[in-house]
Every structure is written in structure tokens, then in C-alpha cells.
Amino acid sequence: MSLPASDLKDLQAAVADRLYLQINGWHLYLGDAGLAEALAVECSALINQGAAVAARQAIEAVKVPVAGGASQLTLARLMPPSQLRDLEEILEPYC
């Protein structure tokens, strides 16, 4: 199951404005990093598994290119644990 287009846009907007990568104390919001859409699509595809599972699996599935694309890290490696809880809260109404 995936979300309707309007819900997917709403989810993308929520993710873009609320979630961030944390690198050396800096916060880079997913909207600014160009990662909000990828995370929203991934969450949408997993939403039928519940908010907690969808959030965890989605941040593990989305890859972030680093060092000019020479390497990739998952969102899970770049987000503080509190952001996973925030993502679960964002996903709850869609479950």
C-alpha cells in the first residue's frame, strides 16, 4: 500500500521541515538536503507495516551520497535518535 499523491505531498512537506541530518553539531534539514521526497516515498511504500517499522526501514533504505558521491551512508547513520521518534510521530496519522 502507498499513500495517495496529496498525502504523499503532505508527508514530504512535514519531513522536509521537521527532520534533519546532524553533522558535527550542524542541522541540515531534509528539505534543504533534497532528501525529503526520497524519505516520503520510502515511508509511503512501508506505511502498512506501522509507523515504527516504516520509519526504521525507511531511514535505513534512503542513501545519502557523501564525498562527492564517492561513498553513501544511510539516513539512519546521519540522524540523531530523536529524529526517528519524530518521524514515527509524523507517520502515525497515515497508518
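Okay, aromatic pairs: this is a predicted model, and the count in it comes to one. That pair is Tyr20 with Tyr29, and the arrangement is edge-to-face. The ring centres sit 5.5 Å apart, with 65 degrees between the planes. Those are the two things to quote, since a pair of aromatic rings is described by the distance of the centres and the angle of the planes. If you're wondering about the label, planes over 60 degrees apart count as edge-to-face, so 65 degrees puts Tyr20 and Tyr29 there.

How accessible are the two partners? Tyr20 is buried, at 12% relative accessible area, whereas Tyr29 is partly exposed, at 30%.

Stay with Tyr20 for a second, because a residue from a helix touches it: Gln83. Gln83 is in α6, the helix that covers residues 81-91. Leaving out residues up to four places away in sequence, Gln83 touches Arg18, Leu19 and Tyr20. And is Gln83 buried or exposed? Buried, with a relative accessible area of 2%.

Now to how α6 packs. Two packed helices are described by the angle between their axes and the distance between the axes. Here the partner is α1, residues 5-18, and the axes of α1 and α6 come within 11 Å and cross at roughly 155 degrees. Angles over 145 degrees count as roughly antiparallel, so that is what we call α1 and α6. The crossing is right-handed. On the α1 side, the contact is made by Leu11, Ala14, Val15 and Arg18. From α6 you get Gln83 again, plus Asp86, Leu87, Glu89, Ile90 and Leu91. So Arg18 and Gln83 both belong to this helix contact, and Arg18 is also one of the residues that Gln83 touches.

Next, the loops. Most residues other than glycine have a negative phi, and most peptide bonds are trans. Which residues here have a positive phi although they are not glycine? Asn24 is one, with a phi of about 50 degrees, and Ala67 is another, at about 55 degrees. Asn24 is in the loop between β1 (20-23) and β2 (26-29). Ala67 lies in the loop between β3 (63-66) and β4. Both are out in the open: Asn24 is exposed at 73% relative accessible area, and Ala67 counts as exposed at 65%.

Following the chain on from Ala67 takes us to β4, residues 71-74, and Thr74 is in that strand. Thr74 is buried, with a relative accessible area of 12%. Once you set aside residues up to four places away in sequence, Thr74 touches Ile59, Glu60, Val62 and Lys63.

Last topic, cysteines. How many disulfides does the structure hold? Zero. Why does Cys43 have no bond to Cys95? The Cys95 sulfur is the closest cysteine sulfur to that of Cys43, but it is 9.3 Å away, too far for a bond. For reference, a disulfide needs the two sulfur atoms within 2.5 Å. From the other end it reads alike: Cys95 is in no disulfide, and the nearest cysteine sulfur is that of Cys43. As for where they sit, Cys43 is buried, with a relative accessible area of 0%, while Cys95 is partly exposed at 46%.

Terms used. Residues numbered from 1 in each chain as written. Predicted model: local features only at pLDDT ≥ 70, side-chain atom pairs only at ≥ 80, totals over all residues. Heavy atoms only, no water. Helix = DSSP H or I, 4+ residues; strand = E, 2+ residues; numbered from the N terminus. Buried < 20%, exposed > 50% of the residue type's maximum accessible area, 1.4 Å probe, protein only. Contact = heavy atoms within 4.5 Å. Phe/Tyr/Trp six-rings, centres within 6.5 Å; stacked < 30°, edge-to-face > 60°. Axes fitted to C-alpha atoms, helices over the stretch in contact; angles between N-to-C directions. Parallel < 35°, antiparallel > 145°, perpendicular 65-115°, else oblique. Left-handed = near helix turned anticlockwise from the far one by under 90°.
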